[in-house]
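Dear colleague,

I am handing over the structure below, with my notes on what was found in it following underneath. Please read the notes with the coordinates open beside them.

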Amino acid sequence: MPSPATSPRPSAGRASFQSQELFLFEGQLFEEERMIRDSASAYAGEKRQPRVEHAFLAEETDPEILRGMDALDLLGITVPEQYSGITAGCVNRTLRHSMRRDGRRRSLNWRGARQIELDHKQFGNPLAQKQLLTKKQADMMTEMSHKLKAFLRVGRLFEQGNMAHEMTSVIKRNNCGTALEIPRHTRDMHGSNDISTEFQMIGHVVNLETVNINEGTHDLHALTIGRNQTGLQSFSKGRPRL
Amino acid sequence: MKVLVPIKRVIDYNVKVRVKADGSGVDLANVKMSMNPFDEIAVEEAIRLKEAGKADEVVAVSIGVKQSQETLRTALAMGADRAILVVAADDVHTDIEPLAVAKILAKVVEEEQPGVVLCGKQAIDNDMNATGQMLSALLGWSQGTFASEVDIEGDSAKVTREVDGGLQTITVKMPAIITVDLRLNEPRYASLPNIMKAKKKPLDEKTAADYGVDVSPRLEIVSTTEPEARKAGEIVGSVDELVAKLKEAGAV
């Protein structure tokens, strides 16, 4: 049971505070959005996660992961109905889904780190009460809460047909950046547990390093956003595109 | 044959439950709610009956607050054909007691004339484990509880029940109430297109008054408390001391 020091109790008249979602994100979703989220999330946790873990250990790629997602029609959901997608009305979740891959792991890591800190005691107090660690928790939670809000906003704009591609760049860049930053924090917080299979942290870090560095996601999106700001493209030596 | 599946909207099983400060119950404001997991199994079984050609219609019914509509949509997304929402409370904290639920369900059964009622053995919020049994008594129908296997053939059903220390197989006469247990099946995930289609499936809204059932509580909640926190462990100096301690605790 969380002690009052780690989990503030809601006082009368105050919105009940769930430490998992600071801005009461749940209430901003429509019914079918919640249903899709729940379905995808249940699948990701129960079926996909064990396969991902095993594939990482065995150094292989498991095609079942994709087949399972296909069975739920999670792949290509922005595609129009006549091509067996489900088009708009649901596109919100596309973005949220693409975030889920990293987001789920990130929040798993955050949750794991939080639990370890609550459970482990140093000089008679839970680790979670140390300022260095409290600050990390605050940083991570702030990042995740802001991200959810941004996802929702851009998702809704997409549905209305008002999304600019730079918005995707901002989100993807920020997402893959913090998706790496957070497990780095949580690695610190886990102490030497971070490299054990049980906590699934190192696999996530290795995965994200690839996205960030090899695929260049973070830097490339920066170029796109930069062009939007300066009006000058810096991809190549060509003429500036205005 | 028509299958009626009563479902309940409960606090999600992943949520860490918090007791309200005044001890009157559990805090449900801004908490994730979902379909009672046992009811999910009942919905799955009903859909499988339909897929096997043994049932031609699956009707889901939920009794509670208006938000239960969302839970019914989940059942529709899984594959139920239509749904009935019986609004019986305004406040999400109001729990309709099993007898009132059973009385409403009995009226729904009268109206719908299903060949079988498949429901979860209990709801994970109050763990009452009573509604199915009460409904059976009210209707005078047979009951097969804690089902881990169901085989409906003509006018009888073979139900394997999870009883203490093993399994019991019984044959019940149809129509029957079957309450399902955890191992009966593994519920499917609703696919995205089915979630979208569920929006267009019929969902009738009724009230408890429509069925003439008084849902005011008969039970009084005296107090609600959180489980005791786990006590700290103890380090022992030797194997002998460990054995002595275990003996003392009656563990060996």
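Lys47(A) has a relative accessibility of 34%, which lies between the 20% under which a residue is buried and the 50% over which it is exposed, so Lys47(A) counts as partly exposed. Please keep in mind throughout that this is a predicted model. Lys47(A) is placed in helix α1 of chain A, and, leaving aside residues up to four places away in sequence, Lys47(A) touches Ala42(A) together with Glu186(B) and Tyr189(B) of chain B. Between the C-alpha atoms of Lys47(A) and Gly68(A), which are 21 residues apart along the chain, the separation is 8.2 Å.

Helix α1 of chain A, covering residues 31–58, also meets helix α2 of chain B, covering residues 68–78, where the two axes come within 10 Å and cross at roughly 55°. Angles from 35 to 65 degrees fall outside the parallel and perpendicular ranges, and α1(A) and α2(B) are therefore oblique to each other. The crossing of α1(A) past α2(B) is right-handed. On the side of α1(A), the contact is made by Glu31(A), Arg34(A) and Met35(A), while α2(B) contributes Gln69(B), Glu70(B), Arg73(B), Thr74(B) and Ala77(B). Sorted by class, this contact of α1(A) with α2(B) has four charged residues, two polar and two nonpolar.

As for chain A as a whole, its secondary structure comes to seven helices and two strands, arranged along the sequence in the pattern α-α-α-β-β-α-α-α-α. Of the 242 residues in chain A, 41% are buried, and, among contacts in chain A between residues at least 6 apart in sequence, 64% join residues that are at least 24 apart.

Turning to the nonpolar cores, the largest has 50 residues, and those with the most contacts inside it are Val3(B), Val5(B), Ile7(B), Val43(B), Leu118(B) and Ile178(B). Helix α1 of chain B, residues 37–51, gives the most to this core, with seven residues. Ile7(B), again not counting residues up to four places away in sequence, touches a set of residues that includes Met35(B), Asp39(B), Val43(B), Ala60(B), Val61(B), Ile63(B), Leu72(B) and Ala75(B). Apart from the largest core lies another, of 27 residues, among them Val86(B), Ala100(B), Leu135(B) and Val213(B).

With best regards

Technical notes: Residues are numbered from 1 along each chain as its sequence is written. Chains are lettered from A and ligands numbered from 1 in the order in which they are written. This is a predicted model: local features need pLDDT of at least 70, side-chain atom pairs count only at pLDDT 80 or more; totals for chains, interfaces and linings use all residues. Side-chain values use heavy atoms; hydrogens and water are left out. Axes are lines fitted to C-alpha atoms, for helices over the stretch in contact, and angles run from 0 to 180 degrees between N-to-C directions. Helices (H or I, at least four residues) and strands (E, at least two) are DSSP runs, numbered from the N terminus. Angles under 35 degrees count as roughly parallel, over 145 as roughly antiparallel, 65 to 115 as roughly perpendicular and the rest as oblique. A crossing is left-handed if the near helix is turned anticlockwise from the far one by less than a right angle, and right-handed if clockwise. Contact means heavy atoms within 4.5 Å. Ala, Val, Leu, Ile, Met, Phe, Trp, Tyr, Cys and Pro count as nonpolar, Asp, Glu, Lys and Arg as charged, and the others, Gly among them, as polar. A nonpolar core is a set of buried Ala, Val, Leu, Ile, Met, Phe, Trp, Tyr and Cys residues joined through side-chain atoms within 4.5 Å. Buried means under 20% relative accessible area, exposed over 50%, partly exposed in between (1.4 Å probe, protein chains only).
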